[in-house]
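Student: I should like a close look at one part of this predicted model, namely its aromatic ring pairs. Please treat them in one connected account.

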Amino acid sequence: MSDTNKTATLTFDGKSFELPMHSPTAGPDVIDIRKLYGEAGVFTYDPGFTSTAACDSTITYIDGGKGELLHRGYPIDQLAEKSHYLEVCYLLLYGELPSAEQLEDFETRVTRHTMIHEQMINFFRGFRRDAHPMAVMVGVVGAMSAFYHDSTDVNDPWQREVASIRLIAKMPTIAAMAYKYTIGQPFVYPRNDCDYASNFLRMCFAVPAEDYEVNPILARAMDRIFTLHADHEQNASTSTVRLASSSGANPFACIAAGIACLWGPAHGGANQACLEMLREIGSPNRIPEYIERAKDKNDPFRLMGFGHRVYKNFDPRAKVMKQSADEVLDLLGIENNPTLQVAKELEAAALADPYFTEKKLFPNVDFYSGIILEAMGFPTSMFTPIFALSRTVGWVSQWKEMIADPAMKIGRPRQLYQGETMRDYVDIENR
Ligand code: ACO
């Protein structure tokens, strides 16, 4: 954190308080209010943390106005085009692009940790068959704390490293098993001769009864989906992971908390909600009706896959995702896909409507990801688990950064209390 010579002055009740300011390497300056309560006796009020920086970070930078997303300085479109998921994982975790040797070593370490403890299979079998795979993931990832005791001591850097690799390596296996379990097929074990994305596709779609060849174009598209979701700064699930970890809780429990937060339809659940919405609209001639509903203040309906807390111009990931959707549908020979047709026309209709443009509501990454995943053969219930497995590296990188930070404190927000002041207990017969 670099100090500036600038200070901010807060004046109230005839008194002034000087607050230090800090300059980031990119983005707006921040006013340091850490001593505010001690010195001035007031809190700040910021529900949803729209104006609050809760940590220092060197991992990901977003300029929502410019539609810019950088991992360790590298733009996401360059990473999606030229790199691949495991290389991006290395970059997020360790801060620099790896040399060929470092990448090979990292890939080997991840590949050799993809199997899960065999006894965890019994844990899967305890779930109902119709459980949502996200419910299974929250449970199973939390349960990793009970299986990998040798990597739960957060004060040991080596254990933190082992936990990080385990989480990144095992998440595809867990997500694929959650899927296989809900459809009643045998679990497919990981294979070390497959790359990360191909391995996941294989574990989801192979069956013991026949050979399964992974289509390299689909593997590339899968890898791109992982890459585009790898990290996104201090979003709701990442902040959840940081807050849970700030108490010193073990990494598996904290990542399970992140998965729980991601599940919501305003966050990671939006890709499932978006595809369901596109299917419900069903045909381009019903688009005006849904646009009107989205604009109606008295209707809770929102256009899923539209709008973003930070991007107020365009979501750079959405551009790459749209291109990928075209490639995948073309490869699979899915022409005139009705969902894609509705998506394209809905996007055009919303972008031509002042309600959306004035509120700076543009398609986000989830608007097109569901179409690709559906074309690959995934049911909608798997969309959010795929997001969770992709985001695991982001959660883990942010967690590692936080634990290693000597300034780390337990997270403990304040409140603007609006309840009753102290009153005496009333006996039940007098109420
Ligand atoms: N459809 C219709 N109106 C919308 C939408 C939408 N998708 N999104 C925002 N608005 C409107 C709001 O009603 C509000 O209107 P008002 O100013 O008249 O009250 C205005 O735009 C601002 O919206 P907020 O909810 O205040 O914006 P916020 O930044 O808090 O919300 C969010 C961002 C949650 C993503 C929101 O746009 C949304 O619900 N979108 C749909 C869900 C979605 O796609 N989520 C995925 C996010 S990306 C991700 O997690 C990977």
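Tutor: In this predicted model, one cluster is built from ring pairs that link Tyr85, Tyr179, Tyr196, Phe200, Phe205, Phe226 and Phe378. Across the structure, the count of aromatic pairs comes to 20.

One of these pairs joins tyrosine 37 and phenylalanine 43: the ring centres are 4.7 Å apart and the planes meet at 40°, so the pair is classed as tilted; stacked would require planes under 30 degrees apart, and edge-to-face over 60. Tyrosine 37 has a relative accessibility of 45% and therefore counts as partly exposed, a class that lies between the limits of 20% and 50%. Phenylalanine 43, at 38% relative accessibility, is likewise partly exposed.

Within the cluster named above, tyrosine 179 and phenylalanine 205 form an edge-to-face pair, with 6.2 Å from centre to centre and 75° between the planes. Tyrosine 179 belongs to helix α7 (residues 157–183), whereas phenylalanine 205 belongs to helix α8 (residues 196–205), so this pair ties together parts that lie 26 residues apart in sequence. Tyrosine 179 has a relative accessible area of 8% and is therefore buried, the limit for that class being under 20%.

Charged side chains also meet aromatic rings. Arginine 414 lies over the face of tyrosine 37, at 5.0 Å from the ring centre; tyrosine 37 is also the partner of phenylalanine 43 in the tilted pair. A further contact of this kind involves arginine 129, whose charged end sits over the ring of tyrosine 181 at 4.2 Å from its centre.

Definitions and conventions: Residues numbered from 1 in each chain as written. Predicted model: local features only at pLDDT ≥ 70, side-chain atom pairs only at ≥ 80, totals over all residues. Heavy atoms only, no water. Phe/Tyr/Trp six-rings, centres within 6.5 Å; stacked < 30°, edge-to-face > 60°. Buried < 20%, exposed > 50% of the residue type's maximum accessible area, 1.4 Å probe, protein only. Helix = DSSP H or I, 4+ residues; strand = E, 2+ residues; numbered from the N terminus. Lys NZ or Arg CZ within 6 Å of the ring centre and 35° of its normal.
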